[in-house]
Amino acid sequence: MTRSPSPAPDPEPPQASANDFVVVLDADALGDRESRAVWVHGRAVLICRVGRRHFAVANRCPHAGRPLAGGRLSQRPFGRPTLACPVHDARFDLTTGAVRSRLTQKRLETYPVRVVDGRVEVAVPPAHPEPMDDDA
Ligand code: FES
């Protein structure tokens, strides 16, 4: 008995994953201690530059959910680069997202970032839609 070949399955829609790096900026678009807000896979992301290094973090403060864009970037000699929220001044370690403040205990979300051929690339998992509110 011979079997007819089964039809090819429908192709899966492309799914973005945290391993997918996306170009967001030219590497020289930001000067030292500058940042820029971008959207990646439906997430608000803040690209920061301190010295020669770039960092990518959620553009949403873990304290009260306000945007972190415009926050002060700094690095003390031999210290770690930090971002201070422009609203209540909570500070976060840009490398790990660790909190350097008593305002919150929640860690800032960080994302992998790299510079390839003069462009900044980040890997951000897709945002999950918020559950619908039936009362709305
Ligand atoms: S909203 Fe950022 S410290 Fe309060």
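Phe78 is exposed, with 5 other C-beta atoms within 10 Å of its own. The residue sits in the loop between E5 and E6. Its phi is near 65°, a positive value in a residue other than glycine. These values, like those that follow, come from a predicted model.

A second loop residue has a comparable description. Arg33 lies in the loop between strand E1 (21-26) and E2. Its phi is also positive, near 65°, and Arg33 is not a glycine. Arg33 is partly exposed, because 15 other C-beta atoms lie within 10 Å and a residue counts as exposed at 12 or fewer, as buried at 20 or more.

The protein contains 10 strands and 0 helices. Along the sequence the pattern reads β-β-β-β-β-β-β-β-β-β. The chain has 136 residues, of which 24% count as buried. Contacts were also considered between residues at least 6 apart in sequence. Of these, 44% join residues at least 24 apart.

One open sheet holds 4 strands in the order E2-E3-E4-E8, with antiparallel pairing. E2 and strand E8 (110-111) stand at its edges. Each has a single partner strand, so one side of each is left without a neighbour in the sheet. Within this sheet, strand E2 (residues 34-40) and strand E3 (residues 43-50) pair in the antiparallel sense over 7 bridges. Ser35 stands opposite Cys48 in E3. Val40 stands opposite Arg43, also in E3. E2 and E3 form a hairpin with 2 residues between the strands. In this hairpin, His41 takes a positive phi near 50°.

Another open sheet consists of 3 strands in the order E5-E6-E7, and its pairing is antiparallel. Strand E5 (72-74) and strand E7 (91-93) are the edge strands, each pairing on one side only. From one strand to the next, the twist averages 20°. Strand E6 (residues 82-84) runs antiparallel to E7, and 3 bridges join the two. Leu83 has Phe92 of E7 as its bridge partner. The loop that carries Phe78 connects into this sheet, lying between E5 and E6.

E9 and E10 make a further hairpin, with 2 residues between them. Strand E9 (residues 113-116) pairs with strand E10 (residues 119-123) in the antiparallel sense over 4 bridges. Val113 stands opposite Val122 in E10. The turn includes Asp117, which has a positive phi of about 50°.

Val122 also belongs to the nonpolar interior. In soluble globular proteins, nonpolar side chains tend to be buried together. Here the largest nonpolar core has 24 residues. Val45, Cys48, Ala56, Val57 and Val122 have the most contacts inside it. E3, strand E4 (53-58) and E10 each supply at least two residues of this core. The largest share, 5 residues, comes from E3.

What is Val45 in contact with, leaving aside its neighbours within four places in sequence? Its contacts are Val38, Val40, Ala56, Ala58, Asn59, Tyr111, Val122 and Val124. Val40, one of these residues, is the one opposite Arg43 in the pairing with E3. Val122, another of the contacts, is the residue of E10 that stands opposite Val113. Ala56 and Val122 are also among the residues with the most contacts inside the core.

The loop between E7 and E8 contains Thr96. Is Thr96 buried or exposed? Thr96 is exposed, because 11 other C-beta atoms lie within 10 Å and the limit for an exposed residue is 12 or fewer. Thr96 and Arg107 are 11 residues apart in sequence. In space they are 8.3 Å apart, C-alpha to C-alpha.

Conventions. Residues are numbered from 1 along each chain as its sequence is written. This is a predicted model: local features need pLDDT of at least 70, side-chain atom pairs count only at pLDDT 80 or more; totals for chains, interfaces and linings use all residues. Two strands pair if DSSP finds at least two bridges between them. Axes are lines fitted to C-alpha atoms, for helices over the stretch in contact, and angles run from 0 to 180 degrees between N-to-C directions. A nonpolar core is a set of buried Ala, Val, Leu, Ile, Met, Phe, Trp, Tyr and Cys residues joined through C-beta atoms within 7 Å. Two residues are in contact if their C-beta atoms, placed from the backbone, lie within 7 Å.
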